[in-house]
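Dear colleague,

Please find below the structure that I am handing over to you, together with its sequence. My findings follow it, and I would be grateful if you read them with the structure open.

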Amino acid sequence: MPRRLARLEGQYLVMQSQMIGMQSSLDRILSAVQPQHVNAAMPPPHPGLYPTHMEAHHDAAVLQPQQRNGFEATAGSARNFPPLPGFAPPPHKYASYGIVPSTAASSDDESEDTLPRASLNAPIEALQGLANAAAEAAAAPSAETPRVKKRKRAEPIPRNAFPHVVEKGLVTDSEARELFNIFFAGCHLFIPLFDPSYDTYESLMERSPWTFDAILAVAGKIRSGNGPLSPTFYKCLEEAQGIARSSLFGPVVRKEAVQGMLLLAAWSTNGWLPSGHAMRMALDLGLHRALEKLVDDSGKQRTEEEERNLVVSARIWLCLYWFDHQMSLGTGRPIVLRDENTIRHCRVLLSHPMASPTDVRLVSLVELIAHKTQIYDFLAPLNGAVNNNALSLIRRANEALDDWWSGCDELHCRTMDQDSLLRKVLAGELHYAKLWLVCVALRGVAWDKMPFEQRELAFQAKDAASNCLTIFLNSAEYRAALRYAVHDSLVTAAFSGLFLLKMANLFPTELDLGAITAQVEQLAQLLSDVAAERYALTLRIMLANLRRKVGLRSGINTPIPTGPPPPFAENMVVSPTLFHDPAMPPPFTMEELGFAWPNDRGIFSPSAIPLWLQEQSLADLGLPVNGSDGIFLQMGGKNGWTGDFAPMPEAW
């Protein structure tokens, strides 16, 4: 008996210790969620947890070693991370790294008998709710039938954490309005994210300082053109990127945050990483379910605000889906998201009362990228082995692309005439898709070993490239709109010109060299005029190569030098005394590229020319494995925009 009592006493002590520990944990939980001042004697939280809302009021630039973004610092290894540029944590209780329940309309899909997402994302709030429910149940009369209380809705979205550039006094209201108007004069046509009637200056300024600042940064860059970038551009870009960096280790609560990140990605050459972050934010907010809910006819009535949230969420998701897939196909990187079910109802936007004028372009882009993804999945693994099955697929793909264009052009013509810009853009995308299709199929194929069928494909691609350039150059609206264009649209024009020059190199007697060079020279000048020198200079290098080979007998003369090279290319110019391999063609002089050079015949560094453009690769008509990254000149820069880091915009 004494032994049994001793054992029971030991078990009781263990249980008592556990209860004390649970009580202590509950006290800490309640003190964290209740709006009261924290006693200075309260024990500090575990170093591996996120900072509490009280700690978040300290300057984010001086995070304690034990509180860095949820990572525990070991003794002796503590160091300060680079501070954010003046972006303190939000003043509301969630802090900058806290866990916040998603409140986007598109994510509100849980049934009443499931565990709400708000509870999953906010365990402290869930425990508090359970404690309150238990207290209510204990206080209720025992005779009453227990009532199941419906779950509490997620808290309203907290106010914006960061002020916009106008509120901070960095940009005047009048200049901000000017930049805002520049953006909506053309940029929104290339990234159809917005509805101008809803996304007004005042509305976006209030809803999303991040997106507002990003819009002004893009417009500031465009306004500078070929001239030096303005201080306004730098201020807006620094603010937008600073807010973006603050979102990396904490959840977002506004769908507009996805818009801001997508804008920063779209007008940057290095858009792959920010595009991926935007995709993760959109998935976390549940934007990928917006279209499915929009077509849900279960009879559930939605308010006008709920309907607007679904339409905006669907538009953001479709634009992001297209952009992310286009970047993957354009650079040879793997496609991250493969679920086409999230876009299959895309045409519902076109008949919706809240449709935007650019939704027809957005739907066309999404449907085109779905075609191109299927084509790439079949052709890329062949590595240039164009067999009968591949030839059959190419024929069917061309027919499918024609059907795509016919259907989408019909949608456009309901509200646009024949010469409208968006219908010209649509036709250009058809011809470029046909060119791209052949270049994927011919990857790695040497022209002198081409069988008849592949040779025919090459000439079909030549016709597509020529048609693409004709649309660019013959439409005054398209030429004017290029100043607003993103990287993808500039690649469409420039690669078409490069492919024509390669064909002219390979088949000089079968093609009209004068017509081709005239087209490409005109395109290079147009790209220079819109500050797209990265693409223009790449074209000029290929033009110089063609002049060397066939210039004398075709009457193609070296252009008269007109001025200095673009600033970004100055570090690519080297002394003519540089050692040169006699087995290789001599380097191009700046005069051959059409530039005046103050020194004695400066030459363009051969190592700066991408492999796909070099002499040993001129017979390769296929796209390189890394896509546009292996075709166009690379420019230095720390963030894809250039900020203080280079004298010209990198996206152009």
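I begin at the end of one helix. Helix α18 is followed by Ala531, a residue with a positive phi, near 65°. Please bear in mind throughout that this is a predicted model.

Ala531 sits in the loop between α18 and α19. Its phi is a positive value in a residue other than glycine. Is Ala531 buried or exposed? Ala531 has a relative accessible area of 6%, and it counts as buried because that value is under the 20% cut-off.

**Helix α18**

The helix before this loop covers residues 513-529, which makes 17 residues. From its first C-alpha to its last, α18 reaches 24 Å, close to the 24 Å expected at 1.5 Å a residue. At the N-terminal end, Asp512 acts as a cap on α18. There, a side-chain oxygen of Asp512 lies 3.3 Å from the backbone nitrogen of Gly514. Several residues of α18 are buried, among them Leu513, Ile516, Val520, Leu523 and Leu527. The buried residues also include Thr517, Gln519 and Ser528.

**Helix α19**

On the other side of the loop, helix α19 spans residues 533-554 and contains Asn545. The relative accessible area of Asn545 is 10%, so this residue is buried. Which residues does Asn545 contact, leaving aside neighbours within four places in sequence? They are Asn505, Phe588, Glu615 and Leu618.

**The chain as a whole**

The protein chain has 652 residues, and buried residues make up 51% of them. It holds 19 helices and two strands. Among contacts with a separation of 6 or more, 75% are between residues 24 or more positions apart.

**Two further residues**

Tyr321 belongs to helix α11. With a relative accessibility of 2%, Tyr321 counts as buried. Not counting residues up to four places away in sequence, Tyr321 touches Leu337, Asp339, Glu340, Thr342, Ile343 and Ile369. One of these, Glu340, is 19 residues from Tyr321 along the chain, and the C-alpha atoms of the two are separated by 9.4 Å.

Ala185 is part of helix α4, which covers residues 173-190. Its relative accessibility is 44%, and Ala185 therefore counts as partly exposed. Ala185 and Ala481 are 296 residues apart in sequence, with 8.9 Å between their C-alpha atoms.

**Cavities**

How is empty space found inside a model? Rolling a probe the size of a water molecule over the atoms shows where such space is left. In this structure there are four cavities of 30 Å³ or more. I describe one of them here. The second largest cavity has a volume of about 300 Å³, and 24 residues line it. Of these, Gln326, Gly330, His487, Asp488 and Ser628 lie nearest its centre.

Which helix supplies the largest share of this lining? That helix is α11, with six residues. Each of α8, α11, α12, α14 and α17 supplies at least two residues of the lining of the second largest cavity. By character, the lining divides into 13 nonpolar, eight polar and three charged residues.

With kind regards

How values were computed: Residues numbered from 1 in each chain as written. Predicted model: local features only at pLDDT ≥ 70, side-chain atom pairs only at ≥ 80, totals over all residues. Heavy atoms only, no water. Helix = DSSP H or I, 4+ residues; strand = E, 2+ residues; numbered from the N terminus. Expected span 1.5 Å × (residues − 1). Buried < 20%, exposed > 50% of the residue type's maximum accessible area, 1.4 Å probe, protein only. Polar contact = N/O pair within 3.5 Å; in protein donor to acceptor, adjacent residues only side chain to side chain. 1 Å grid on protein atoms, 1.4 Å probe; cavity = no way out; pocket = protein on both sides within 12 Å on 5 of 7 lines; lining within 4 Å. Points joined across faces, edges and corners; volume = space filled by probe spheres on them. Nonpolar A, V, L, I, M, F, W, Y, C, P; charged D, E, K, R; others polar. Contact = heavy atoms within 4.5 Å.
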